Amino acid sequence: MPALRLRSPLMFSGAFLLLAVVYSSYFSVAVRTDAAAAADRFQTLVNIGAPRRAAKHGERAITLALKEGATENDVAPLKAAVADAQTARRKYQRAADLLLDALTAGWGQNLPIAERIEYEDRLARAYLLDGNLEKAAAIYTSFLELAGDAVALPNDARIAPDAKLHASKLSAAADAFLRVVNHAEPRPLTGATPEHVLASATQLADLGGFYGMREGGEYAAAGLLATAYEARKRIRGVDHQDTVQLTLMLGPLYTKMGRLRDAETLYLEAFHAQERAKGANSPDLSLYIKLLAGVYEKQERFTEAQALYEHMRRLFRDAFGAQRYSVNRDKDRREYINRPVSQHFPLEASYSPKDLVSASEFFVPTAKLPNIDEMKLRLAADRGSDAREENLPARLAQLISLCRSESDEVISLRSGYRSFQTQAALHARNGDRGTVTPPGVSEHQTGLAADINVNGRFMRQSDRAFQCFEENAFRFGFILSYPPGNDYLPGEDSYEPWHWRYVGIQTAQLYREAGPHNQPQEFLAALPCFQERAASGVFPTAGERDICLDGKPAQLANAAPAQPRRESPDAARILNDW
Ligand SMILES: [Zn+2]
């Protein structure tokens, strides 16, 4: 029997093993078949156009697959497909959850960019349909940033296809927003926390500002801005500066659309808010008076308009006649306006301008989201002026509008203010390659410099818009501050035909008429000498050494004579401007 005793356990264990293999494979096949069967059923129902029933089987397929041990990454494509079925049955929140899972999983992260944009757009729409304006606006806001220059020039073939796609999704979003904003009380604006409502309002205002600048975008812009305005009014109050600020975006739109009653109501609210905040004699009121008077004129209410203009003149007489603006404040507003900036004249890390404003508030077309730091410029208002008109951004807007009509090219602000810290971070990230201007050396830190885009890319010397800037920028107080052959920035070629800097009208004219040709930083460094010389009427004869440049810091006085260099808008050069 020993043979038998030996054999029996072997046989037994062999039989058991076989059974176990058969059983376990049967089990696993059964489970897999069940999940796969549910997924098949889902697909069939989708194909025959029965999304309600499809959604049920789709959800079951997801649950079964996960139970079987599938990862989030495995089920991501199924989740994305089931989201569509849930959208069809108006289960928007579920659809959004599914899409978010799918996009967060590795599957979503690795999608080709064009597909990812499609899914993000679907997610934004699910949020929108669920009444969640904040999350939808956040997605479209990031589209707006990613689209970059494409929004200015959607038909230019040179633009990266994904930027184009971002831009087209963004355009298509306007209608969807408008339907929600106009036809339904959006849920987050009634149910969410005040912080959520304010965040929504900011994003809606950004989008509104963007549509407001687009041809034919007024209708969408007004809807978005009005919603943002109402939200801020409810949470912050009508007197809050953030609320008042929106009237400057919304009011001109209403006027343009002929909704004069709405514009009047809005400006009156803003006027009274400013009156309460700053006193009945504040010159800050003049802006709202002027806007209101403009509406009255359009309504042919000339007597009322006249009375308002008279009131405005009185405010200015009082304010500036009595010199209520202290000398210090005046000084602060003019501060650094003529300061040279170069690698030989670096700015302090602590310097940041006190009077930054969003350029778009002064109708400067911006290539990026209007309220980000980079789209800000210094106000740099003239002494005793109408603060809305005689200042840097207003003059840049005038210059752009003049050159736009002369050149028939699309001109926008690509880059304005950049803080020392921003520049330092960029430099740290790219410094090894030596292509980014070190912190303190960039004029952008002063908030006085504007990089200009033409047709969606950096302005070039060959652009008609550049010719127009060259002939006219000085009339608006701007000079080309990195001309050909300069050594102001590190690197071998610092010519920047797109970089224009505000120095004020008088200084720009003096530079044009009497300054050393193509040596703007040297000119600024020796400005008092040039001013004195201009006043005395003494000018150097040709070929003679310029007396104003003697005794100046060696690097500047000995700067190599200007010599034209090739225009090189290549990647390295463009980065150098950062
Ligand atoms: Zn620049």
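Two residues are in contact if their C-beta atoms, placed from the backbone, lie within 7 Å. The exercises below use this on a predicted model.

**Exercise 1.** Which residues does Leu99 touch, not counting residues up to four places away in sequence?

*Solution.* Leave out the residues up to four places away from Leu99 in sequence. The contacts of Leu99 are then Ala80, Ala83, Tyr119, Arg122, Leu123 and Ala126.

**Exercise 2.** Find the residues that touch the most other members of the largest nonpolar core, and the helix that gives the most to this core.

*Solution.* Step 1: the largest nonpolar core has 74 residues, and Leu99, Leu225, Ala228, Leu250 and Leu292 touch the most other members. Step 2: helix H11, residues 218-236, gives nine residues to this core, the most of any. Step 3: a second core, separate from that one, has 50 residues, including Leu392 and Phe469. In soluble globular proteins, nonpolar side chains tend to be buried together.

**Exercise 3.** Is Phe363 buried, exposed or partly exposed?

*Solution.* Step 1: locate Phe363 in the loop between strand E1 (356-358) and strand E2 (376-378). Step 2: the phi of Phe363 is near 70°, positive although the residue is not glycine. Step 3: a residue counts as buried at 20 or more other C-beta atoms within 10 Å, and as exposed at 12 or fewer. Phe363 has 16, so Phe363 is partly exposed.

**Exercise 4.** Treat Asn455 in the same way.

*Solution.* Step 1: Asn455 sits in the loop between strand E4 (449-454) and strand E5 (457-458). Step 2: Asn455 is not a glycine, yet its phi is positive, about 50°. Step 3: with 18 other C-beta atoms within 10 Å, Asn455 is partly exposed.

Terms used. Residues are numbered from 1 along each chain as its sequence is written. This is a predicted model: local features need pLDDT of at least 70, side-chain atom pairs count only at pLDDT 80 or more; totals for chains, interfaces and linings use all residues. Helices (H or I, at least four residues) and strands (E, at least two) are DSSP runs, numbered from the N terminus. A nonpolar core is a set of buried Ala, Val, Leu, Ile, Met, Phe, Trp, Tyr and Cys residues joined through C-beta atoms within 7 Å.
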